[in-house]
Amino acid sequence: DGEFVALVGPSGSGKSTLLRIISGLYAPSSGRVLLDGVPLPTEARLGSSAYMRQRDLLLPWRTALDNAAIALEVHGVPRREARRRARERFPEFGLEGFEDSWPAQLSGGMRQRVAFLRTVLAERPLLLLDEPLSALDALNRVLLQTWLLELWEKERQAVLFVTHDVDEAVYLADRV
C-alpha cells in the first residue's frame, strides 16, 4: 500500500506484458497474480487498477476536461458529476484554463498531465504506469518526474512504474 515501485528492463523483456497481466487485460500463460497473498483470477483484476500506457491515448473529439472525466464516466459516474470532479483537479495538475482545449491544442507535457489526471480520477488503489514519460523531451521529462513525485506523495496510491531509465527509476521509486 502506498509504495512506488519501478520496474526496469530492456525492450522486449515483458514489462508491459506484466502490467497487462496485473490489470487483467491478459491472462498469464503460467503463474498467478496474488493480492494480499490471495490468487486473483483475470476477471477479478479487470478494473481493480488504473493503467496509463506510454502514449496519452487522449480522444481527439473530446476536450481535455472530457478526456479526464471519462475515467469516472466508465465507472458509472454521471457525466455532469464526472466533469465537475475532473474540473476541480485541473489546477493541481497544471491545467487550469485548458479545460476546453482539444488534445491537438495541448503540448506533449500537458497531454501527459491530462492522461495522469484521467488515471488518478479512476480512483483505484494501484496505478500501473507504463513508461508515461518516455515520449517527452528531456526538460519536460524532468519537470514531470518532479511533479509526479509530488503528486504521489500527496495521493499515496501504490504505483508500479515501468521505465528504461535507471536514473528515473532511482529518483522516483521506493524500490527498483
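This tour moves through a predicted model, from salt bridges around helix α4 to the neighbouring stretch of chain that holds helix α5.

Begin by selecting helix α4, residues 79-89, and display the side chains of R84 and E88, which both lie in this helix, 4 residues apart, or about one turn. Their side chains meet in a salt bridge, with an N to O distance of 2.3 Å. An α-helix has 3.6 residues a turn, so residues three or four places apart point the same way. With a surface display switched on, compare the two partners: R84 counts as partly exposed because its relative accessibility is 39%, whereas E88, at 52%, counts as exposed because it passes the 50% cut-off.

Next, keep helix α4 in view and add R85 and E123, whose side chains meet in a salt bridge at 2.9 Å, N to O. This pair links distant parts of the chain, since R85 belongs to helix α4 while E123 sits in the loop between α5 (108-121) and β5 (126-130), 38 residues away. R85 has a relative accessible area of 21% and is therefore partly exposed, the limit for a buried residue being under 20%. While E123 is selected, inspect its backbone as well, for this residue, just after α5, takes a positive phi of about 55°.

Now select R89 and E92, which form a salt bridge whose closest N and O atoms are 2.7 Å apart. R89 is buried, with a relative accessible area of 17%, and E92 is partly exposed at 31% relative accessibility. Adding K154 and E155 to the selection brings up a network of salt bridges in which R89, E92, K154 and E155 are linked. For the model as a whole, the count comes to 13 salt bridges.

Finally, turn to α5 itself, a helix of 14 residues that reaches 20 Å from its first C-alpha to its last, close to the 20 Å expected at 1.5 Å a residue. How many of the residues of α5 are buried? The helix is mostly covered, with 12 of its 14 residues buried; among them are G109, M110, F116, L117 and the charged-side-chain positions R113 and R118. To see what covers these buried residues, show the surrounding elements, which include β4 (50-52), α3 (64-73), α4, β5 and α6 (138-155). Helix α4 thus appears twice on this tour, once as the element that holds R85, the partner of E123, and again among the elements that cover the buried residues of α5.

Note on methods. Residues are numbered from 1 along each chain as its sequence is written. This is a predicted model: local features need pLDDT of at least 70, side-chain atom pairs count only at pLDDT 80 or more; totals for chains, interfaces and linings use all residues. Side-chain values use heavy atoms; hydrogens and water are left out. A salt bridge is a side-chain nitrogen of Lys or Arg within 4 Å of a carboxyl oxygen of Asp or Glu. Helices (H or I, at least four residues) and strands (E, at least two) are DSSP runs, numbered from the N terminus. Buried means under 20% relative accessible area, exposed over 50%, partly exposed in between (1.4 Å probe, protein chains only). The expected span of a helix is 1.5 Å times one less than its number of residues. Contact means heavy atoms within 4.5 Å.
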